[in-house]
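Student: I would like a close look at one part of this model, followed outward to whatever is connected with that part or comparable to it. Please treat side-chain contacts, burial and backbone geometry together.

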Amino acid sequence: MLTVAALALLSGTAAARPQFGLSLGFESTLNDPFVVRTGPRLGASLALSPIIEAGGSFAYYPVLGTGGCADPQWTTLACHLLEKVSVSPDISKMIVAADIELRILPFQAQLGDWRTSVGLAAGPGLVTTEDDLVAQQAEDDPDAIAAQNELHPTVVGGILGEVRHRHFGPRIRLSSLAYIETIGGDTLEMKNNLLGRTEVFWWF
C-alpha cells in the first residue's frame, strides 16, 4: 500500500520510539571553478519522529597535491589562469568540516518495507581551510603565510532524499556550506560551496 506522509504525521505512530542511526558516505564540491575537494563524511543521527531527525557529521577532505598544474585537485581553469595568463586564482581548500543540523522529511511514500523520503536539512557548523599559496603566488608573503590556515563558522543547508528498508538504506544530498575567509591577511571573501553527497545509513 502506498501512503504519503505530511507534516500532520508529527503525532503519528510510524516510529514508536526514537532511533539512533549512523551514516557513512563521500561528498565533493560541485561549483568551485578552481579546485575539487572530495572526502569521506561520518554522521550520527537521532530520529525523533517519522519526519524529524537531529544529527551531526564530520568530514575530512585530504590534500592530494602541493599546488600547480601537477596538483590532481586543480581544475583546468586554475592551471590555465596561473600558467598561461599569470593570474592568481583564489584557491582555498576545505580540510575538515563538522556540523549539527535538524532534518525535516515531510514528503514520504511507503511500499511494503520500503520508505522513500524527501526533505530539508539546516544547521550551524565549523570548517577549516588552507589557502593555496602557489596559486596566490604568495609563498614568501608573511601575511599570506600567517592566514593560510583558518577556522570558520559556517551555515549548512540542503535538500536530501533517501530510501529506507527497515534499518538501512542509501541517501543522496545536495547542500551549501557558506563561510567568510581571509585572503592574503587583509581581504574578506564570502564562500558558498555547493556539495554533492552520497551515503548509506543504518538505524538501530
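Tutor: In this predicted model, Arg 166 has a relative accessibility of 52% and therefore counts as exposed, since the cut-off for that class is over 50%. Arg 166 is placed in the loop between strand 7 and strand 8. Its backbone deserves a remark as well: phi of Arg 166 is positive, about 60°, although the residue is not a glycine.

The side chain of Arg 166 meets that of Asp 113 in a salt bridge, with 3.1 Å from N to O. Asp 113 belongs to the loop between strand 5 (92–111) and strand 6 (114–131), whereas Arg 166 belongs to the loop between strand 7 (149–165) and strand 8 (168–183), so the pair ties together parts that are 53 residues apart in sequence. Asp 113, at 38% relative accessibility, counts as partly exposed, because that class lies between the 20% limit for buried and the 50% limit for exposed.

A positive phi in a residue other than glycine also occurs at Gln 137, where the value is near 55°. Gln 137 sits in the loop between helix 2 (133–136) and helix 3 (142–146). With a relative accessibility of 48%, Gln 137 counts as partly exposed.

The salt bridge of Arg 166 can next be set among the others in the model. The count of salt bridges comes to 14. One of them joins Arg 197 to Glu 27, whose closest N and O atoms are 3.1 Å apart. Glu 27 lies in strand 2 and Arg 197 in strand 9, so this pair ties together parts that are 170 residues apart in sequence. Both Glu 27 and Arg 197 are buried. Another salt bridge is formed by the side chains of Glu 162 and Arg 171, at 2.8 Å from N to O, and these two residues are buried as well. Both pairs belong to a network of salt bridges that links Glu 27, Arg 41, Asp 99, Glu 162, Arg 171, Arg 197 and Glu 199.

Strand 2 and strand 9 also contribute to a nonpolar patch on the surface. Together with strand 3 (38–47), each of them supplies at least two residues of that patch; strand 2 gives the largest share, three residues. The members of the patch are Phe 20, Leu 22, Leu 24, Leu 42, Leu 46, Leu 48, Phe 168, Val 200, Trp 202 and Phe 204, with about 920 Å² of accessible area together. Leu 46, for instance, lies in strand 3 and, at 37% relative accessibility, counts as partly exposed.

Aromatic contacts complete the picture. A search of the whole structure finds two aromatic pairs. Phe 20 and Phe 204 form one that is stacked, with 6.4 Å from centre to centre and 25° between the planes. This pair links distant parts of the chain, 184 residues apart: Phe 20 is in strand 2 (residues 19–29), and Phe 204 is in the segment after strand 9 (187–203). Phe 20 is partly exposed, with a relative accessible area of 43%. Phe 201 and Trp 203 form an edge-to-face pair, again 6.4 Å centre to centre, with 65° between the planes. Both Phe 201 and Trp 203 are buried.

Terms used: Residues are numbered from 1 along each chain as its sequence is written. This is a predicted model: local features need pLDDT of at least 70, side-chain atom pairs count only at pLDDT 80 or more; totals for chains, interfaces and linings use all residues. Side-chain values use heavy atoms; hydrogens and water are left out. Rings of Phe, Tyr and Trp (its six-membered ring) pair if their centres lie within 6.5 Å; planes under 30 degrees apart count as stacked, over 60 as edge-to-face and the rest as tilted. Helices (H or I, at least four residues) and strands (E, at least two) are DSSP runs, numbered from the N terminus. Buried means under 20% relative accessible area, exposed over 50%, partly exposed in between (1.4 Å probe, protein chains only). A salt bridge is a side-chain nitrogen of Lys or Arg within 4 Å of a carboxyl oxygen of Asp or Glu. Patches are made of residues with over 30% relative accessible area and no salt bridge: like charges are joined within 9 Å, nonpolar side chains (Val, Leu, Ile, Met, Phe, Trp, Tyr) within 5 Å. Accessible areas come from the Shrake-Rupley method with a 1.4 Å probe; for residues, only the protein chains shown count as cover.
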